[in-house]
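Me: I am new to this structure and would like a close look at a single part of it. Please go through one group of packed helices and the loops beside them, and give the cut-off for each term you use.

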Amino acid sequence: MSERAPKGASIVFETVGKAFTKPGGGTVSAVDDVSLTVEAGAITGIIGRSGAGKSTLLRMANGLERPTSGKVLVGGQDVGTAQGAALRAIRRDVGMIFQHFNLLASRTVAGNIALPLEVAGVPKPKIKTRVADLIDRVGLTAQADRYPAELSGGQKQRVGIARALATEPKVLLSDEATSALDPNTTQTVLELLKDINRELGLTILLITHEMAVVRDIASHVAVIDNGKIVEAGTTYDVFTAPQHPTTRAFLSGVLGVTLPTFLKDKIQDTRPVGPAEEVVRVTFAGKHATDPMLALLTRDLGLQVNILAGAVEEIGTRPFGNLLVSLDAAKGADARAYLERHGLLTEVLGYVG
Ligand SMILES: Nc1ncnc2c1ncn2[C@@H]1O[C@H](COP(=O)(O)OP(=O)(O)OP(=O)(O)O)[C@@H](O)[C@H]1O
């Protein structure tokens, strides 16, 4: 499909801050002292709550917003200070897709995809073959002459993806690209993005508020809270050993480890006087993911372990398991030490009297 072999570019945020002036005066700090390296050719997810600063951070990677402090480098080029032709060149290297697709209603599928090529002054015959290639890549050959109003949400996002790829970018930015889609369509769009990343080698940086999206597509993740990156790493490491409460909150929905309702009201932070149960999250990662560790715990320490919730997941091709269990609080420390010695991670979630 391409004359040159496009390669991904890295994105580096160096102590980046972005403040906006509030309408009534004063400033709001949307992004605060963010340092993050997005690896070339990887798929990286940035997850955060509404208003955390995700869009602002993403928009600084293609010059739609300029940092008030620090630097943003794409493939080593300083995006924040680029002007004129230099900024246009960076924008050609950085494609973007949007939650609400941003297609022109008056243009067909082919017409929408051709637009960035027309703007770049590509000769007409070349536009025609390139658009046909792109339409084929995103599986919309039968819809080439349809208008956006005649397409499903998933088809519209495929047009958005093809349009973003038109100028053979090195980076693709995704602003909640699957948030308006149903779960099945979300999966097909995520698969398409994975194929594109694999085949073209371009870097994908996506923002989302759904951990399931990160799990299904991203090799790396950064968690943003109140304008700051509070945790970052490989998706596997962050999923198996989350450090920050915000990360844990996002993970609780996707790991099958939410506390059962009957326990939610009863669980307390401190151990009550007298007999009590300790509620523990046990994470089985890597080679231990499928070990019969609880059976061994019962055999070696003579402990009764109650399973409250659990799931075995896969990230990439690596399995990890998550269990919520409760056991006699008096033996909790011994049990946790035993599990940790066998390579499992444990976290006390609370106590039930
Ligand atoms: N142009 C602007 N002018 C003033 N304030 C802004 C502007 N853009 C963003 N903000 C503020 O900056 C903060 C971060 O906003 P941002 O849109 O980056 O968050 P977000 O994580 O993408 O949220 P959402 O998921 O709701 O889109 C918010 O407090 C927002 O109100």
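Reply:
**The helices around α3 and α5**

F101 is buried, because 20 other C-beta atoms lie within 10 Å of its own. In this usage a residue is buried with 20 or more other C-beta atoms within 10 Å, exposed with 12 or fewer, and partly exposed in between, the C-beta atoms being placed from the backbone. The model is predicted, so local features need pLDDT of at least 70 and side-chain atom pairs count only at pLDDT 80 or more, while totals for chains, interfaces and linings use all residues. Residue numbers start from 1 along each chain as its sequence is written.

F101 sits in the loop between β6 (94–98) and α3. Helices (H or I, at least four residues) and strands (E, at least two) are DSSP runs, numbered from the N terminus. The phi of F101 is positive, about 70 degrees, although F101 is not a glycine. Most residues other than glycine have a negative phi.

After this loop comes helix α3, residues 109–119. Its buried residues are V109, A110, N112, I113, A114 and L117, and they pack against α4 (124–137) and α5. Just past the end of α3, G121 takes a positive phi of about 75 degrees.

Take the pairing of α3 with α4 first. These two helices pack at an angle of about 125 degrees, with their axes 10 Å apart. Axes are lines fitted to C-alpha atoms, for helices over the stretch in contact, and angles run from 0 to 180 degrees between N-to-C directions. α3 and α4 are therefore oblique to each other: angles under 35 degrees count as roughly parallel, over 145 as roughly antiparallel, 65 to 115 as roughly perpendicular, and the rest as oblique. The crossing of α3 over α4 is right-handed, meaning that the near helix is turned clockwise from the far one by less than a right angle, whereas an anticlockwise turn would be left-handed. On the α3 side the contact is made by V109, A110, I113, A114, L117 and E118, and on the α4 side by I127, R130, V131, L134 and I135. Two residues are in contact if their C-beta atoms, placed from the backbone, lie within 7 Å. By class, this contact of α3 with α4 holds nine nonpolar, no polar and two charged residues. Ala, Val, Leu, Ile, Met, Phe, Trp, Tyr, Cys and Pro count as nonpolar, Asp, Glu, Lys and Arg as charged, and the others, Gly among them, as polar.

The pairing of α3 with α5 has another geometry. The axes of α3 and α5 come within 7 Å and cross at roughly 30 degrees, and the two helices are therefore roughly parallel to each other. This crossing is right-handed. V109, N112, I113, L115 and P116 of α3 meet V159, A162 and R163 of α5. The residues of this contact divide into six nonpolar, one polar and one charged. V109 and I113 belong to the contact with α4 and also to the contact with α5.

Helix α5 (residues 153–165) also packs with helix α6 (residues 183–200), at an angle of about 20 degrees and with the axes 10 Å apart. α5 and α6 are therefore roughly parallel to each other, and their crossing is right-handed. G153, G154, Q157, R158 and I161 of α5 meet T185, T188, V189 and L192 of α6. In this contact, three residues are nonpolar, five polar and one charged.

Beyond α5, E168 lies in the loop that leads to β7 (171–175). E168 is another residue other than glycine with a positive phi, near 50 degrees. E168 is partly exposed, because 17 other C-beta atoms are within 10 Å of its own.

As for the setting of this part, the chain has twelve helices and 14 strands. Of its 353 residues, 38% count as buried. Contacts between residues 24 or more positions apart make up 70% of those with a separation of 6 or more. Along the principal axes, the C-alpha atoms fill a box of roughly 80 × 50 × 35 Å.
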